[in-house]
Amino acid sequence: MPIDPQNTLLTVQAGLAQLSTLIVSYSFSAIGAIILLVVGYLVAGLAERSISAGLGHIHGFDATLRHFFSKIVRYAILILVVIMVLGQFGVQTASIIAAIGAIGLAIGLALQGTLQNIAAGIMLLALRPFRIGEYVEVGAISGTVEEIGLFATKLRTTDGVYVLAPNSTLWNQPVRNYTRNGVRRGDVTLTIGSWNDIDLAQKTMLGVAGSERRVKREPAPIAFVATVGDASVAITLRYWTTAADFFATQIDLTKRVKQAFDAEAISVPAPPPEARQETAATSETVQR
């Protein structure tokens with residue numbers, strides 16, 4: 001059957017016209033999608049900053065919760081923008097929402113442990129057993145809280161080590177918060193020879209505590225005999241101070257009590273002969 005050149009030309013022209021219409025249509029859709037993405041991204045960032053700033057003006061509102069809520073608003077807007085962009089290309093939004101729900105269910109079943117961390121993170125943010133800047137101990141984990149996220153909590157130990165702990169680990173164990181109450185009790189224990197005046201030793205300890213401005217006057221510091229040995233007596237100074245000053249106060253008081261004992265000629269018990277011989281032998285080996 002012979003091919004009619006005129007019909008062929010008309011078919012090609014119709015195809016080109018249809019293609020041109022599609023290109024123009026999708027070009028406008030693409031441009032609209034790009035504009036929508038840019039505007040949505042900017043709006044999401046602005047909303048995040050606005051929510052964070054607005055909650056920051058509320059007296060006593062936790063900084064961690066402020067960060068959490070502002071992030072939730074940001075991601076919710078971004079998800080909405082993506083759905084709107086897909087709608088620009090003719091994708092049914094109802095199908096998208098159904099697909100997101102199905103994907104979420106599948107991910108939830110596959111990542112049950114991760115969801116436990118998310119649930120634990122929400123509980124930590126809601127009940128707040130610890131806040132950013134507080135020093136806590138949970139099982140074998142201890143350190144200053146730096147960030148509480150949905151999945152894990154960042155801590156910094158006293159020797160500067162970075163720790164990332166899963167939220168489920170922190171939620172399922174008792175939490176010891178050393179900062180929350182604002183004050184802490186400290187003990188300084190020194191061992192002296194049993195021949196020393198115990199009353200003088202206690203009085204000396206209380207004098208040192210009374211001259212330290214970081215020691216609370218109420219409850220008042222006390223000094224008592226902790227243990228009694230064959231030739232020694234352990235005396236403890238018990239005092240209260242702020243949680244922020246706890247370590248510095250304990251270090252300074254230990255040094256000052258020892259210096260005060262030396263000034264009052266309160267001596268420590270001499271080591272047994274075996275220990276003295278071992279020390280002398282070690283010293284001689286080092287010198288050699």
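Two strands count as paired when DSSP finds at least two bridges between them. I keep that rule at the top of the page, since the sheets come up early in these notes. The model I am reading is a predicted one.

**Entry 1: the whole chain**

I started with an overview. The chain has 288 residues, and 27% of them count as buried. I then went through the secondary structure and found eight helices and eight strands. Next I looked up contacts between residues at least 6 apart in sequence: 63% of these join residues at least 24 apart.

**Entry 2: the five-stranded sheet**

I wanted the strand order here. Five strands make an open sheet, running β4-β3-β2-β1-β5, and their pairing is antiparallel. Which strands stand at the edges? They are β4 (162–166) and β5 (175–177); each has a single partner strand, so one side of each has no neighbour in the sheet. From one strand to the next, the twist averages 40°.

I followed one edge in detail. β5 pairs with β1 (residues 135–138) in the antiparallel sense, over three bridges. If you want a spot to click on, try V138, whose bridge partner in β5 is V175.

**Entry 3: the three-stranded sheet**

On to an open sheet of three strands, with the order β6-β8-β7 and antiparallel pairing. Its edge strands are β6 and β7 (222–228), each of which pairs on one side only. Neighbouring strands here are turned by 30° against each other on average, ignoring direction.

I checked the β7 side of the sheet. β7 and β8 (residues 232–242) run antiparallel and are joined by six bridges. A handy landmark is V225, which stands opposite I235 in β8.

Then I asked myself which helices pack on this sheet. α7 does, touching β6 and β8, and its direction makes about 25° with that of β6. Helix α6 (residues 198–210) lies across β6, β7 and β8, and runs at about 20° to β8.

**Entry 4: the cavity**

Time to look for empty space. Rolling a probe the size of a water molecule over the atoms shows where such space is left. How many cavities of 30 Å³ or more are there? The count comes to one. The largest cavity holds about 40 Å³ of space.

I listed what lines the largest cavity: L190, T191, I192, K258, F261, D262, I266, S267 and V268. The elements that give two or more residues to this lining are β6 (183–193) and α7 (246–263). I had met both in the previous entry, where α7 touches β6. Sorted by class, the lining has five nonpolar, two polar and two charged residues.

**Entry 5: the pocket**

Last, I looked at the largest pocket, with a volume of about 230 Å³. It is lined by 12 residues, and the closest to its centre are H67, F68, K71, G149 and L150.

Which elements supply at least two residues each to the lining of the largest pocket? They are α2 (63–88) and β2 (141–148). α2 gives the largest share, six residues. β2 is a strand I already knew from the five-stranded sheet, where it sits between β3 and β1 in the order. By class, I noted seven nonpolar, three polar and two charged residues in the lining of the largest pocket.

Conventions
Residues are numbered from 1 along each chain as its sequence is written. This is a predicted model: local features need pLDDT of at least 70, side-chain atom pairs count only at pLDDT 80 or more; totals for chains, interfaces and linings use all residues. Side-chain values use heavy atoms; hydrogens and water are left out. On a 1 Å grid over the protein atoms alone, a cavity is a set of points where a 1.4 Å probe fits but cannot get out, and a pocket is an open set with protein on both sides within 12 Å along at least five of seven lines; lining residues have an atom within 4 Å of a point. Grid points are joined across faces, edges and corners, and a volume is the space filled by probe spheres set on the points. Helices (H or I, at least four residues) and strands (E, at least two) are DSSP runs, numbered from the N terminus. Ala, Val, Leu, Ile, Met, Phe, Trp, Tyr, Cys and Pro count as nonpolar, Asp, Glu, Lys and Arg as charged, and the others, Gly among them, as polar. Axes are lines fitted to C-alpha atoms, for helices over the stretch in contact, and angles run from 0 to 180 degrees between N-to-C directions. Buried means under 20% relative accessible area, exposed over 50%, partly exposed in between (1.4 Å probe, protein chains only). Contact means heavy atoms within 4.5 Å.
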